[in-house]
Amino acid sequence: VQLGLALGEGAASGRDKVTLVCPPHLAALGAWIEQLIAESTGKIGKGLIPICGEPLRPPEAYGADRLFIEVQSLDQPDRRLDEAVVALARVGHPVVQLRWEDAYDLGGETMRWFIATVLAAAMMRLNPFDEPNVQESKDRTKALLQRYARDHALPPHEPPLLTDGTIKVFGDRAQFSGDTLPELLRGMFQQLDPKAYLAVLSFLPRSASLGGQLVALRTRVAEGVGVATILSHGPRYLHSLGQLYKGGPDQGVLWCLTCDEPDDVPIPGQPYTFRVLKHAQAIGDVQALRDHGRRVLHLHLGSAPEEDLARLLKAVEQAVKIAQESGR
C-alpha cells in the first residue's frame, strides 16, 4: 500500500518516471514491472512511465520527473548501488528502497507490485484491467499480412524523409525535418522538454553486439539530452509498453528500428515467414502510433545493422554537439 501511495502521489506531482534501480542479478525483474505498470496505467492520456535498465547518472543530472525505486537482496547486497541511491535522496529526489531477504522473496515482490499498481491506478482514476490500445497494432498487422497473402508483398513505404548511407528514415514531415540525419535528430531533440522521454523500439536481431550498441545509443541520448530513456524490444513490447506509447501521455519521441534481416524461417500453414511477420508488426505499430499523433521515427537499417547503428550513434553525437552549442 505504501508503494502504491508513492506511485500515485508521484504521478500527481509530475514524478511519473518510475525509475527502477537494481543490481544485475535482479535486472530481469524490470521487464515484468514495465509490463505491469505500462499496461495498467498507460491510457486516456495518463500513465506512469517505467524506466528500467537505464545507467545511473549523477544526481544533479535528473529533473523533477523521477521517482527512484531501489530493489536489493540482502544476501547479495550491492553497496555501490546503495551509495548512489543515498546520493539521489540527499539532493531531494524521492527514493523508495525495497529489500529482499533472498531470492524466495520474489513471489511476495510480485504481489507487492500487483497491489501497488492497482492502488496507484485507482488514485489516477484509471481502470488497471483495461488495455484499450493493445489491439490496434494487432489489427494493423493482420491487415498487412492479409495484403501480403494476396499480393505476396507488403505495401511499399512512403518516400523517406532522408537517406543516410543504408539508413532510411521515415516519419511525418510535419513533425520532423532536416537535410541530414544529424540535423533531423537535432530538431527532434529540440522538441523534447525536460519531462519528455525517448524510447528506442528495436525490432533488430537479439545479439550481444547489437544489444551493446543499443545500450550505448540510449546512454548517449540520456547524457547528451538529459531526458529519460527507454529501450524496448519488439515484438515483445507490443503487449506491454505498447499500451503506454499509444494511450499514455504524449511525452515521448519514439524510434522504431528495423533492418534487412538475412535469416528467415517459414511459418507452417501460413503464406508468410517469420521475417515478414516481424516486419509487419513493426510497420503496423508505427502506423498505430502515427494515428495517435505520436512523434515516431522509423529508421530502417540495411543488411549490416552493426555498421548502421555505429553510423546512427555518430549522428547522435553530432546532433547532441550541435544542440549543446546552440543552447539545447
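Visitor: Over how many bridges do β6 and strand β10 (residues 295-301) pair?
Guide: This is a predicted model, in which local features need pLDDT of at least 70, side-chain atom pairs count only at pLDDT 80 or more, and totals for chains, interfaces and linings use all residues. Residues are numbered from 1 along each chain as its sequence is written, and side-chain values use heavy atoms, leaving out hydrogens and water. Strands are DSSP runs (E, at least two residues; helices are H or I, at least four), numbered from the N terminus, and two strands pair if DSSP finds at least two bridges between them. For β6 with β10 the sense is antiparallel, and the number of bridges is three.

Visitor: Good start! Which residue in the turn between β5 and β6 has a positive phi?
Guide: β5 (residues 162-164) and β6 (residues 167-170) are antiparallel, and Asp164 has Ile167 as its bridge partner. Two residues lie between the strands of this hairpin, and the one with a phi of about 65° is Gly165.

Visitor: What is the order of the open sheet of four strands?
Guide: Its pairing is parallel, and the edge strands, each paired on one side only, are β2 (49-52) and β4 (95-100). Inside it, β3 (residues 66-73) meets β4 over six bridges, with Val71 opposite Leu98. The order is β2-β1-β3-β4.

Visitor: And at what angle do α1 and α4 pack?
Guide: Happy to say: α1 covers residues 2-12, α4 covers residues 106-123, and their axes are 7 Å apart. Axes are lines fitted to C-alpha atoms, for helices over the stretch in contact (heavy atoms within 4.5 Å), and angles run from 0 to 180 degrees between N-to-C directions. The packing angle is about 35°.
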